[in-house]
Amino acid sequence: MNEPAFRPRMSPSALFGKEVVIVHPAWHSCGSYQSILGQVEAYRAMGANVSMVAVSTDPGFTPERSWIWRSYIESTPELDRDARFYAGAPLSALFHPSFLRNAVWPYAHGNQAIIRRALAERSRLSERLDSLSFDMVHCNHFFLMPVAERLARGGSPILLDSHDLQARQFMLMNQKIPWLRPHASYEAMLAVELESMRGADLLLHVNIEEHEVFSELLPEKRHALLYPAGPDAPRGPGGDDIVVVASNNTANVESVVWFLREVSPKVPDIDIKIVGNIDAGVRSAAPEEYRRYRDWFVGRVDDVRRVYENARLVLLPMVNGFGLSIKTLEAMASGLPLIATSAALRGMQGDVLALRDVTIADDPESFARALNRKAREPRRTEAQRRTSGVRAYFDAHFSQAVYRRNLEALVESLLENGRRP
């Protein structure tokens, strides 16, 4: 059944003083990590005691090897306020005959669903977790459900954030990898995803399409559309930068390469700043374009939100990908005018296409025309950015306050109704 996102707020929160554990991949500098930060802040605001369990998606990252986690810990200082624990599969697991047969061999054919879940199943947990119990488990991504179920100990309710339909993401990622034939099918990976999700008590979906698809595929489960809390961004003082912000993943690389090949030659007098670790992906996928526009690439920055302080215009030239785009939410939070393809606004309500501060351009010619026109406009003042249409849309749908209110209502409903068999 589908659960409403809004319910009257109970005071104090049903989670006040309760123990909540958030299970998440050991990732950073990506959209998933930004969503997890929103979860942490929401549970803190509810008065819960929050614990974090970072699960490695690579073998060898066991908790006792503290040195191997150093880079990840240093890259995620926002989590230091809470109890932090770690989990990962030992290298020895890779050589067990059943793992080779049931996980490594399918992975050689591109079945990323099986290998990720298998690594989670064999993960060692931080020793101290054995002595802790939790009132609620919030799991991110289906493949970490084996860890979530261990922490729930058969009694605590589990919320699962699906973060889009992952089988589609895996198919996109697999396009340029030379897997053995026959390649793993979408249906095979989807079956693993759905079976894993059945262990959760409430399924949270971050965009409209995802919510509709999973509600149909798993009609026996509770579902809720819960937009993530978008990362806030500075709204001034403003400057002359025209920016593209992107991390290094398949969809982003394809999109930036499209922009460099198809749009940039049509705007020869305009300079762009491309921010994020996307530079490595573009250098590999399109070396000629990377060399031609090398000066545009800024690389990874410690706080990408600061990029918006001195910007005047944000470009969102996405041509591929699934699910809600966190960087689109971040751009909206800045209050800056946006030039975007329709794909950049996927997963949102249709009214977003009519916002006065968004110019939709789905082909190279219209994108270049819009860029030439918007680049000549006066830059927005801080006051104009605070009251812009995109900022108002962000506040109404993706702010931390809205996310916390909606999550709190769902949590209280789940605790009232109890677990389902």
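Trainee: In this predicted model, where does R153 lie?

Mentor: R153 lies in the loop that runs between helix α5 (145-152) and strand β6 (158-161).

Trainee: What makes R153 count as partly exposed rather than buried or exposed?

Mentor: The relative accessibility of R153 is 45%, and since buried means under 20% and exposed means over 50%, with partly exposed in between, R153 counts as partly exposed. The backbone of R153 also deserves a remark, for its phi is positive, at about 55 degrees, although the residue is not a glycine. As background, most residues other than glycine have a negative phi.

Trainee: Which sign does phi of D164 have, and where is D164 found?

Mentor: Phi of D164 is positive, near 80 degrees, and D164 is likewise a residue other than glycine; its place is the loop between β6 and α6.

Trainee: How do you know whether D164 is buried or exposed?

Mentor: Its relative accessible area is 2%, and because the limit for buried is under 20%, D164 is buried. In helix α6 itself lies R168, with a relative accessible area of 13%, so R168 is buried as well. The C-alpha atoms of R168 and M189 are 8.9 Å apart, while along the chain the two residues are separated by 21 positions.

Trainee: What kind of peptide bond joins R181 and P182?

Mentor: That bond is cis, with omega at about 0 degrees, and P182 is found in the loop between α6 (166-174) and α7 (186-197). In general, most peptide bonds are trans.

Trainee: Why is the contact between K273 and D241 called a salt bridge?

Mentor: The distance from N to O between their side chains is 3.4 Å, and because the criterion asks for a Lys or Arg side-chain nitrogen within 4 Å of a carboxyl oxygen of Asp or Glu, the pair qualifies as a salt bridge. K273 belongs to strand β10 (residues 273-275) and D241 to strand β9 (residues 241-245), so the pair ties together parts that are 32 residues apart in sequence. K273 is partly exposed, its relative accessible area being 38%.

Trainee: How many salt bridges does a search of the whole structure find?

Mentor: The search finds 24 of them. Among them is the pair R391 and D395, whose closest N and O atoms are 3.0 Å apart, within the 4 Å limit. Both residues lie in helix α15 (residues 389-397), four residues apart, which is about one turn of the helix.

Trainee: What makes R391 buried, and what makes D395 partly exposed?

Mentor: R391 has a relative accessible area of 7%, which falls under 20%, so R391 is buried; D395, at 34%, falls between 20% and 50% and is therefore partly exposed.

Trainee: How do you know that R404 forms a salt bridge with E408?

Mentor: Their closest N and O atoms are 3.7 Å apart, which is within 4 Å, so the pair meets the criterion. R404 and E408 both lie in helix α16 (residues 400-417), again four residues apart, about one turn of the helix, and E408 is buried at 3% relative accessible area. Elsewhere, salt bridges with shared partners join D232, R235, R391 and D395 into one network.

Trainee: Why does the count of disulfides come to zero?

Mentor: A disulfide needs two cysteine sulfur atoms within 2.5 Å, whereas the sulfur of C30 is 15 Å from the closest cysteine sulfur, that of C139, and is therefore too far for a bond. C139 is in no disulfide either, as the nearest cysteine sulfur, in C30, is 15 Å away. With 0% relative accessibility, C139 also counts as buried.

Trainee: Which residues form the negative surface patch?

Mentor: The patch is formed by E262, D362, D363 and E365. One of its members, D362, is found in the loop between β14 (358-360) and α13 (364-375). Patch members need over 30% relative accessible area, and D362 has 48%, so this residue is partly exposed.

Conventions:
Residues numbered from 1 in each chain as written. Predicted model: local features only at pLDDT ≥ 70, side-chain atom pairs only at ≥ 80, totals over all residues. Heavy atoms only, no water. Patch = residues over 30% accessible without salt bridge, like charges linked within 9 Å, V, L, I, M, F, W, Y side chains within 5 Å. Areas by Shrake-Rupley, 256 points an atom, 1.4 Å probe, with all protein chains shown as cover. Lys, Arg positive; Asp, Glu negative; His and termini not counted. Charge placed at Lys NZ, Arg CZ, Asp CG, Glu CD. Helix = DSSP H or I, 4+ residues; strand = E, 2+ residues; numbered from the N terminus. Buried < 20%, exposed > 50% of the residue type's maximum accessible area, 1.4 Å probe, protein only.
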